[in-house]
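Let's take a look at how this chain packs its nonpolar residues and how one pair of its helices fits together. Have the model open as you read.

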Amino acid sequence: MTENNSQRLDASSAQIIEQYRAKSINEDTARALLYDAVVQFNVCAGIIVSTSVPGVDKAWLRNRREDFQSDVHRLIHDKLVGETGAKAFFNFAKFPNSMTGWVRQFLRVAYPRMANDLYQKERRQLPTEDEVLASLSNASRTVSRDTEYFTDAECERQRIEEISDEYMRISRGVREFKKAEVRAEAIMAGLNLPATVRPHRDDRLSLYRKVAKDVSLCEKSAKEMLSILRNQPRIYDCDERLLALWDDYTAENLEALIRVDKSAVRAMVLKALADYSALSKRRHKLFVSSVRNLGNRSAQWSTLAESIVHLFVAEETQPMLHGETDEELAEEKRKACAFRRAILSKSNRIYEGVAKFEGQPLGTTRDDVRQHLYSIYVGTEAKHRRKTSPATV
């Protein structure tokens, strides 16, 4: 958090409160504007970095800072804008001298508690994502036999509730993004829905920032696409790239998804936009080895396999950071960014080489290659768990 951002937030907040007291805007609008200012001036990032969390591994915290920033924004939104308890928690009659100070005071308590809870959950023995998805797949096939006295809509609602209950039971303790991914898989299996279309890197990151700032864009995009498919007037002015997430959906698919709830729509969008989890060195080796085994084992394919894995990691995953000090982390990030720029500058040549290689082991188009690589990426996650689980040591 820079001093300039802190000062800008305080100045902007003071202007908003003046407008509210002059009755130029109502309280709901003032609360929404204050939240937007907190997000815009990005004061939370600096507060998170400077707040100690006793009993939690520092490297673990550093690797999750971006996740936590979205989490604390949601916490602040709930306390500042949310209907339940908002007025009691943030009292306009006692507006603080510094909005930055209010955010800092709130996060000094809320952030360590949130981080510690998640850290302790991850340390407990949890089911692997493969076990979660297997259980959810079984749940998605479980439909009550007592359908004689219910309408089709009631049967569908019962099916959705059974899947959601099973999802909540199994996924406790799994990280938030993984929960969204698991829930998306469960909904897709339970309602026989296609996956959302994953955009290419630049669009994906741009859309992710938009959605992180305003999560309502998720359901707005789904409803907008439904209006388009029904040849009805458009309700919202949504980014066309966000609408493209639903290109593989029919009107019936969208209706079924929207009927579940808002969080289900958000899970589908998050699955399409967020970075995949970082690859450890062991998983990276497994990934390269798996891709090499698909080709003819020649030196040319070996080089292409390594290059396409590096490209997939650069385009789709978070970097793995191990540094203990700020200087070490800064150096790691600098090297990671330099390597990412270098490999992305060669992306067209690498994709073309893979697509034209003898036998097309990963497919003939860029999208085919990316989808095949994602399948292998998920497979290496399962292999890595089997090799490192206590049962196999």
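The notes below cover the nonpolar cores and then one helix pair in this predicted model.

**The cores**

The largest nonpolar core has 35 residues, and the members that touch the most others are Phe68, Ile76, Val103, Leu107 and Tyr111. Six helices each supply at least two residues of this core, and they are listed here with their ranges:

| Helix | Residues |
|---|---|
| Helix 1 | 3–21 |
| Helix 2 | 27–40 |
| Helix 3 | 43–50 |
| Helix 4 | 58–62 |
| Helix 5 | 65–80 |
| Helix 7 | 99–123 |

With 11 residues, helix 7 gives the most to this core. If you would like one residue to centre your view on, try Ile76: leaving aside residues up to four places away in sequence, Ile76 touches Tyr35, Val38, Cys44, Val81, Trp102, Val103, Phe106 and Leu107. There is also a second, separate core of 28 residues, with Leu245, Leu254, Val260 and Val269 among them. As background, nonpolar side chains in soluble globular proteins tend to be buried together.

**A helix pair**

How do helix 12 and helix 14 cross? Helix 12 (residues 216–229) and helix 14 (residues 251–260) have axes that come within 9 Å and cross at roughly 150 degrees. Helix 12 and helix 14 are therefore roughly antiparallel to each other, and their crossing is left-handed.

At the contact, helix 12 brings Ala222, Lys223, Met225, Leu226 and Leu229, which meet Ala251, Leu254, Glu255 and Ile258 of helix 14. By class, the contact residues are 7 nonpolar and 2 charged, with no polar ones. Leu254, named in this contact, is also one of the residues of the second core.

Definitions and conventions. Residues numbered from 1 in each chain as written. Predicted model: local features only at pLDDT ≥ 70, side-chain atom pairs only at ≥ 80, totals over all residues. Heavy atoms only, no water. Core = buried A, V, L, I, M, F, W, Y, C linked by side-chain atoms within 4.5 Å. Buried < 20%, exposed > 50% of the residue type's maximum accessible area, 1.4 Å probe, protein only. Helix = DSSP H or I, 4+ residues; strand = E, 2+ residues; numbered from the N terminus. Contact = heavy atoms within 4.5 Å. Axes fitted to C-alpha atoms, helices over the stretch in contact; angles between N-to-C directions. Parallel < 35°, antiparallel > 145°, perpendicular 65-115°, else oblique. Left-handed = near helix turned anticlockwise from the far one by under 90°. Nonpolar A, V, L, I, M, F, W, Y, C, P; charged D, E, K, R; others polar.
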